Amino acid sequence: MRVKELHPLCCITLESPQGINNNNNNKSPEETVKTTTALTRSRSLPAKSLLTGVGSRVMTSIGSEQQQQAETVAGILYKWTNFGKGWRSRWFLLRNGILSYSKIRRPENLNLLSPSSDDVRLIGDISADRLSRMDSCSGRRKQHKTVGIVHLKVSSFRESKSDDRKFYIFTATKTLHLRTDSISDKAAWLQALASTKCIFPLRSLNGDFSFISPKDLSISTERLKKRLHEEGMNENLVKECEQIMLSEFSEMHGQVQLLHEERTNLIDALRQLEAANLEAGASGKHEFPSLGRGKYSECSTTASSDGKQEFEDVSEEDEPSFHDTKEYFNEPNVGSVTNLSTSGYPNIKRRTKLPDPAEKEKGVSLWSMIKDNVGKDLTRVCLPVYFNEPISSLQKCFEDLEYSYLLDRAYEYGKSGNGLLRALYVAAFAVSGYASTEGRHCKPFNPLLGETYEADFPEKGIRFFSEKVSHHPTVIACHCEGKGWKFWGDTNLRSKFWGRSIQVEPVGVLTLEFDDGEVFQWSKVTSTIYNIILGKLYCDHHGVMQIRGNRQYSCTLKFKEQSILERNPHQVNGFVEDVAGKKAATIFGKWDDSLYYVSGDGISKTKVSDPASNASLLWKRTKPPPNVTRYNLTSFAITLNELTPGLQEILPPTDSRLRPDQRHLENGEYEKANLEKQRLERRQRMSRQLQESGWRPRWFEREGESETFKYTGGYWEARGHGNWDDCPDIFGEITEELADSA
C-alpha cells in the first residue's frame, strides 16, 4: 500500500472516562472507520453548524420514547406581519414539539410533498397549483430558510374571541397572530397543538443533563503511530502526522468547549423561561415581567383603526412585551454566570423616579454665562445650578459599573479557561460605561476636596467607593470590589470650550484585576458636546481605546467620530488579538445601544439586527426609565443620590448624598440650591491653599508622582464601627479657624 493512499486520521480514537464510545464496541471495523471519519470531517464545519448538530443530539437525548411518537403536521397559515404588508402566507411545520415556519417555497422544494418516511398530516388545501400561484405572486424563486421557530414546551396558545378563523401563540419572545382558511382548519391546528403539548409536557428542567464535557475528551495517537510504522514510514514523518492530528483535535476541542458553554447557558435560560411560564400558568395570565421591553409585541401596533379591529381581543394583560431571544440569553439576570445570589441580603427597594420639583424652574442664557470663558478650563468656571444634574462627578464614576455583570461573566469565563471570552466581555464593559451619556447635557457637580461617595449594591454583588483626592488639577479616585475581581483608577478631566462645542479629555488609567492574577488596563476616549450655542445638543465619544492585558489577549477599540451627515452614529469597531498579534475576534456595535462579536479576523458587514447573522451579542443597553426628566438620567443613575432608610445615619459627613445644593436641586428647590452652591464654591476656593499646606486624601494614596491613586483600605471597617472622627464636615459653614488654617 502506498503512503498517500492511507488516511492519516483513520485510526483516531476518542477516549472518555464517561464511556462516550461504548456504543461503538459492537460495530464492525468498516463502521468504526466511517464514524471516526465523520468526526474528523466535522472539524472543518463552521462553529454554527457544529452547534446545530451536537445541540440536536443533546436535546434529542432529553426526549422519551413517547415524544418520538408525536404526529408531524404541516400546512399553510396566514401570519400577521405589520400594517404595511398585512397578512402573509407562511409554511408551518409542527414536529417533535417544535413549530417552525418559513416563507412559501416552490412546490419542487417542499420536501413534505415528496414521498417520505415520516407520517406527515397536511392541514388545508396544499395543492401544488396553489403553491405555484402563491410563489408566482411573491415573485421570488430562491429557496427560503426557516424564519422562525416556536418551542411549544415554553409557550401557550388560545383562540381569538372576535374572529373564528384566528388564534394566537404566545412565546417568551413574541406573539404570533395566525389565521386559517376555514374554521375546520383552525380546529385541526388547535387540536394538533393541544396533542403536542400533552406529549411534550412542561416538565422540570432542574434535573441533571448528561453533557459531553470538554474535559472528558482525550485522544490517543498510539494506533496511528503503530499503523504508520507498519507501512514503513520513517520516524520524522510519523511525528509530523501525529502533530497534524493533535493540531486538528485541538481545534475541534476548542469548538466543543465553546459549544458546551453555550449549551449550558441555553439550559440556564430555559430554566428561567420555564419558571416564568409556570408562574404564568398558575395565574392564568401570559406574563413575563422580567422580560418586558415595551407595550406591544412585534405584531401589535396602534397605527390605524384597522389594526385596532384586528387586535382588539388581545388586551395589555394578555399581550406581554418581549424582545429577541438571542438578546435575552445575554441579559444580566440569566444564566449561572451572571445570576448573582442575593440570599441573605436585605431586600432594598430602590426608587424609580426623582422627587417632583417643589418650584418651577427658570431658564438661563447659556451664552451670557460662558461667552467670556472661551478656551478656558470649564472646571474652574462657576455656573448656576441650572446647568447641573443632581449627581456629583463621584457618583458619575459609579455609573460606569451599571453593567458590572459583564465583569462577572468575564471572571467566570476566564476561570473556566476561556481567555478570549474574558477579553471580549472586558471590552464590552469598557464600552458600556458610555451608554448613560446619551442625551445627558447637564454638568455633574464638581466635588469638594475630600468629598466621598459610597455605593453598596448587594443585589449586584459590588461595593464601590470614590474620593476627590486633588483640587488643582481635579482628580477623582475610585475603587470597586466585585465577585472575583477588583476595579480601580483615577481620572483628571481636562475640558475646553471652543465656542460651539465642549471637549473633555480624560487623563488617567483604569485597572481591572481578576482574582487569578489577570490584569487589564485602559484609558477613556475623548468626549465632545456639540451645538452649545445653536442647534440640538448632542454628545459624541471618539478616539482609540487600547485595552492591554498581561496574559494572552489584548483589545483595540475605535470610537468613530460622528460627522455632520452621519446616518449611523455612535459606531464602535475593534478586535481582540493574542500575544502573537493574530486577531482572534472582531467587535462591532454602538456605544449607546449594543455590542457584538464574531470569531476570527475581518469586520462583519452583516447587520446586527439580522436574526440570521452569525454575530453573538455581548452587551445591550437597558431600557430607559418611563419617567424621563430634562436630566435624562438612566434608571440606574436615578438611584445613586437616594438616601435609603437607615443610610444617612451611617454615612460619613463627606458623602455626596449629604451635599445641600445637590439635594435641593434634586428636590426642585432651585433658589436654595443656587444659594448653597455659591456658599460651597466660596469654601471650594480655599481648597488649593489647603492642598498646598500639606492636605492628604483620607482613603487613597499615590505611590509615585506618575502612579495611580490606590485605595488604602479601612473605609468599610470605619463604616461598620461608625467611626468618622477624622472626617471633617466639609459641607458645613466656614469657621474662622478653618479660614485661618487656609
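Which side chain of opposite charge is nearest to Glu642, and how far away is it? It is Arg351, 4.4 Å away, and Glu642 is buried yet has no salt bridge. Here buried means under 20% relative accessible area with a 1.4 Å probe, protein chains only, and a salt bridge puts a side-chain nitrogen of Lys or Arg within 4 Å of a carboxyl oxygen of Asp or Glu.

A word on the ground rules: this is a predicted model, where local features need pLDDT of at least 70 and side-chain atom pairs count only at pLDDT 80 or more, while totals for chains, interfaces and linings use all residues. Residues are numbered from 1 along each chain as its sequence is written, and side-chain values use heavy atoms, leaving out hydrogens and water.

Back to Glu642, which sits in the loop between helix H13 (635-638) and helix H14 (660-666); helices are DSSP runs of H or I, at least four residues, numbered from the N terminus. A polar atom of the Glu642 side chain lies 3.2 Å from the backbone nitrogen of Arg351. Beyond neighbours within four places in sequence, Glu642 is in contact (heavy atoms within 4.5 Å) with Lys349, Arg350, Arg351, Leu647 and Arg657.

Now to the nonpolar cores, sets of buried Ala, Val, Leu, Ile, Met, Phe, Trp, Tyr and Cys residues joined through side-chain atoms within 4.5 Å.

| Core | Residues in core | Including |
|---|---|---|
| Largest nonpolar core | 69 residues | Phe398, Trp485, Leu557 |
| Another core, apart from it | 18 residues | Leu77, Leu176, Trp189 |

Helix H12 (residues 419-432) gives the most to the largest core, with 11 residues. Leu557 touches, among others, Ala427, Val431, Ile547 and Ile587.

Note on methods
Helix = DSSP H or I, 4+ residues; strand = E, 2+ residues; numbered from the N terminus. Buried < 20%, exposed > 50% of the residue type's maximum accessible area, 1.4 Å probe, protein only. Lys, Arg positive; Asp, Glu negative; His and termini not counted. Polar contact = N/O pair within 3.5 Å; in protein donor to acceptor, adjacent residues only side chain to side chain.
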